[in-house]
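Biologist: Let us read this model together, step by step. What should a student look at?

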Amino acid sequence: MDGTHEDGRAARRRRLAALVAEAGADAILVTRLVNVRYLTGLDSSNAALLVPADGPAVLATDGRYAGTAAEVCPELETLVERRTAEALTTRAAASGHRVLGFEPHGLTVERHAGLAEAADIPLRPLGHLVEDLRRVKDEEEIGLLREACAITDRAFESVLPEIRAGVTERAVAIALERAMVDFGAEGPAFDSIVASGPNGAVPHHRPGGRELQPGDLVTLDFGARYGGYHADMTRTVAVGEPAGWQRDLYDLVLRAQLASIAAARPGAETRDVDAAARGLIEDAGHGEAFTHGLGHGVGLEIHEAPLMGYDRTGKLMDRVPITAEPGVYLAGRGGVRIEDTLVVRPGGPELLTTTTKDLLVL
């Protein structure tokens, strides 16, 4: 086990323990699998983690993952149990903990009732404590995101020759996902979007059998997953020479995206970063055609805090990775979206996706 990884995860657990103490609980039961992975390194389909406010954490997983746990987090005591949350709740009560915090968004009502019966200990919801920690990434995490984005860039460049009239949206999406795996991705970060012609007016269009045609704008939204971390990039390209209105729309979205990137500084209000893009689009008369928030955080999940929208609150901080993805969608005609993954830094954002944003005419 690499000591750097072990030390980093131990530091995350210490920060969580301090938050648990501040919340007035003796320990927290972490049941969201992505949060268990963040705190231990264990990627599994069945695990839970008990993190006391004072004392060592205890992991529980079943026999399928016991060997992996011993390899990736040997510093942790591991209970080999099928009913992981129940085993750790019993352990918390036996250890003398008086109040056990839990993740309310990580338990069903039915499972919560079962835990309450498993041991005589009060359960207290503690909200999104781990997600709050995950918002700011350490440099190891940013390095994994950087590689995921580099794979995404390379895949896009390699697939450009295949984006031509007569090829279906689905074929382009498959080519993108195959290329990402060929370049080292664990897999796609999400289901790739390829939206051509009038389908470009649907932000989350599912690629289908429509063949690309001369005069189409084609929006491609995709990303690689590497080391568990998710890239997210969107580019809109033209098949053949674009019409004047298509170039104008593209230039508008690009100006809006660049304005939002420039606004993404530590201390900036998330709604103000959204407004930097939205204001330009509204001034051009397309405000109602920008139908979603500016972007979102990325990391071990493709959508993480912070969410960037006109109705969102909160401030950006150093080392928070976000996307900036304004779009304009004109029903029956098509649309444009341009998106990058970036990291908020004091000296200005670090772009992790670096593919050109010039309108490519293929």
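Modeller: Start with a definition: two strands pair if DSSP finds at least two bridges between them. Keep in mind that this is a predicted model.

Biologist: How many bridges join strand S16 to S17?

Modeller: Strand S16 covers residues 327-330, and it runs antiparallel to S17. One of the bridges links Gly327 to its partner Arg337 in S17. Two bridges would be enough for a pair. The number joining S16 to S17 is 4.

Biologist: Which residue in the hairpin of S16 and S17 takes a positive phi?

Modeller: The hairpin has 3 residues between its strands. A phi near 80° occurs in this hairpin. The residue that takes it is Gly332.

Biologist: On strand S17, are Gly335 and Arg337 buried or exposed?

Modeller: In a regular strand, side chains alternate between the two faces of the sheet. In S17 (residues 334-337), Gly334 and Val336 lie on one side, with Gly335 and Arg337 on the other. Both faces are covered. Gly335 and Arg337 are buried.

Biologist: Which residue has a positive phi although it is not a glycine?

Modeller: Look in the loop between S14 and strand S15 (321-324). The residue there has a phi of about 70°. Its relative accessibility is 29%, so it counts as partly exposed. The residue is Arg319.

Biologist: Which residue does a cis peptide bond join to Ala305?

Modeller: Look at strand S14, residues 304-308. The omega of the bond is about 5°. The partner of Ala305 is Pro306.

Biologist: Is Thr355 buried or exposed?

Modeller: Thr355 sits in the segment after strand S19 (350-351). Beyond its neighbours within four places in sequence, Thr355 contacts Asp153, Phe156, Met233 and Arg235. Its relative accessible area is 14%, and the cut-off is under 20%. Therefore Thr355 counts as buried.

Biologist: In which order do the 6 strands form an open sheet?

Modeller: The edge strands are S4 (77-80) and S6 (123-125), each pairing on one side only. From one strand to the next, the twist averages 25°. The pairing is mixed. The order is S4-S3-S2-S1-S5-S6.

Biologist: Which helix packs on the sheet, touching S1 and S2?

Modeller: S1 (residues 27-30) and S2 (residues 47-52) pair in the antiparallel sense over 4 bridges. Val30 has Leu49 as its bridge partner in S2. The helix covers residues 84-94, and its direction makes about 20° with that of S2. It is helix H4.

Biologist: Which helix lies across S9 and S12?

Modeller: These strands belong to an open antiparallel sheet in the order S8-S9-S12. S8 (193-196) and S12 (233-238) are its edge strands. The helix, residues 139-159, runs at about 15° to S12. It is helix H7.

Biologist: What percentage of residues 144-345 is helix?

Modeller: An unreviewed UniProt entry lists this span as "domain: Peptidase M24". Strand makes up 23% of it, and its end C-alpha atoms are 17 Å apart. The helix share is 32%.

Technical notes:
Residues numbered from 1 in each chain as written. Heavy atoms only, no water. UniProt positions renumbered as here; feature names shortened; annotations may be inferred. Helix = DSSP H or I, 4+ residues; strand = E, 2+ residues; numbered from the N terminus. Axes fitted to C-alpha atoms, helices over the stretch in contact; angles between N-to-C directions. Contact = heavy atoms within 4.5 Å. Buried < 20%, exposed > 50% of the residue type's maximum accessible area, 1.4 Å probe, protein only.
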